[in-house]
Amino acid sequence: MNIILFDNPKTRVKLLPFTFVRPIADIRVGIFKIFEKWERAFDTKVSFLTDEYLQGKFPLKHGTDQYYINGSLCPNPSMLNRIKELKEGQGLVCGEDLLVLHTSHQFETLDSEAGDFERIEVPQEEVVLIKHPWEIFTQNRGQIMQDFEVVTRGRHSHHIEDPHTVVYGRANIFVEEGVEVRAAILNAQKGPIYIGKNAVIEEGVIIQGTCAIGEGTRINMGAKIREDCSFGPHCKVGGEINNSVIFGYSNKAHDGYLGNSVVGEWCNLGADTNNSNLKNNYGPVRVWSYADRNYVSTGQQFCGMMMADYCKAGINTMFNTGTVVGVSAHIFGGGFPPKHIPSFAWGAIESNDVAELDKMIEIAERVFARRKAEFTIHDRQILEKVFELSKFDRR
């Protein structure tokens with residue numbers, strides 16, 4: 001079964017700044033990234049149909065018989081059954097969205113008008129599509145619960161042996177091998193808690209389910225992890241966090257509040273960095289939209305910060321409600337930064353300075369090396385392309 005996860009071009013733009021450096025299916029929501037959900041569902045490797053500058057890192061593999069699956073689509077049992085029943089030349093659609101197409105044809109791009117095929121309409125209630133950045137955190141609870149059922153089915157959790165750790169709802173807690181937990185409180189009465197391999201939960205940590213903690217992630221002492229949070233692999237997490245997703249390899253290690261937010265990979269938030277997630281008038285939050293080139297309503301009363309990859313925030317940084325931060329922005333100084341911080345921005349509130357691309361690449365290389373990861377030629381080429389693509393935003 002050859003599965004290709006395709007990016008709808010319009011949705012790619014709506015999901016910026018996160019899709020500057022990745023296909024849509026590389027977004028994390030729940031325990032796993034979207035593409036990892038599909039690989040688990042069909043026990044096979046997938047490939048990606050995305051923008052050309054990303055294909056080096058996320059290659060495309062065509063075959064003679066393939067299933068093109070919308071990269072925004074999260075699998076569920078109903079959807080998997082429908083896909084297995086698809087015949088060649090048939091496709092699943094939901095309104096204007098092409099969900100799945102079973103075909104022998106090879107496409108260079110795909111959207112809802114992808115040639116002639118037999119359209120099978122899927123009810124909206126069966127479909128979970130991630131089409132806007134804030135949906136990453138609004139859908140996170142449901143995706144954690146679904147992923148938890150998948151990853152724990154037929155398996156037994158490792159025991160938490162520390163006598164000073166207090167556990168509520170033990171049946172809803174799953175611990176992988178190598179996990180260290182010391183004098184913590186884990187409350188899974190309202191939802192499951194998943195702790196990945198070799199994660200460390202330090203003294204005084206309080207975690208409420210639903211929650212997903214990735215492999216090798218460290219929750220620093222005294223942290224308060226409220227409901228509906230996901231942390232990818234090898235993060236360092238501290239302070240108070242609520243309903244937020246950190247993709248992986250990022251640090252929010254110190255005191256400070258992060259709520260109803262999404263943080264990409266390879267970011268670092270300095271000590272006492274905070275974000276607002278509620279307007280003073282309790283109205284719906286507006287955020288910068290790359291698709292509309294303007295601020296749009298999220299329809300959400302609670303919405304914090306959308307921060308793309310490679311960003312750094314200095315100590316005591318204060319992010320306003322609904323702030324959107326582009327790739328490799330470096331923010332420091334007093335007061336509130338703008339609600340839209342373009343990619344490669346450098347400096348304080350009123351600064352129009354631009355980070356030097358070569359220096360940003362040098363920093364990325366150092367950060368990768370600290371985690372024993374390789375900053376590849378593809379990573380460099382992607383950053384160079386994003387620097388070019390984001391020039392208009394900086395003007």
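Biologist: Which residue takes a positive phi in the hairpin of E26 and E27?
Modeller: Happy to look at this predicted model, where local features need pLDDT of at least 70, side-chain atom pairs count only at pLDDT 80 or more, and totals for chains, interfaces and linings use all residues. Residues are numbered from 1 along each chain as its sequence is written, and side-chain values use heavy atoms, without hydrogens and water. The hairpin has 4 residues between its strands (DSSP runs of E, at least two residues, numbered from the N terminus). A positive phi, near 55°, belongs there to Arg-293.

Biologist: Nice! How many bridges join strand E26 to strand E27?
Modeller: Strand E26 covers residues 286-289 and strand E27 covers residues 294-297. The two run antiparallel and count as a pair (DSSP finds at least two bridges). Their number of bridges is 4.

Biologist: And which residue of E27 stands opposite Trp-288?
Modeller: Start from the antiparallel pairing of E26 with E27. Across from Trp-288, in E27, stands Tyr-295.

Biologist: Turning to the open sheet, which strands stand at the edges?
Modeller: The sheet has 6 strands with parallel pairing, in the order E7-E10-E13-E16-E19-E22. Two of them, covering 166-168 and 257-259, each have a single partner strand, so one side of each is left without a neighbour in the sheet. These edge strands are E7 and E22.

Biologist: Which residue in E16 is the bridge partner of Ile-206?
Modeller: Strand E13 (residues 206-208) pairs with strand E16 (residues 224-225) in the parallel sense, over 2 bridges. In E16, the bridge partner of Ile-206 is Lys-224.
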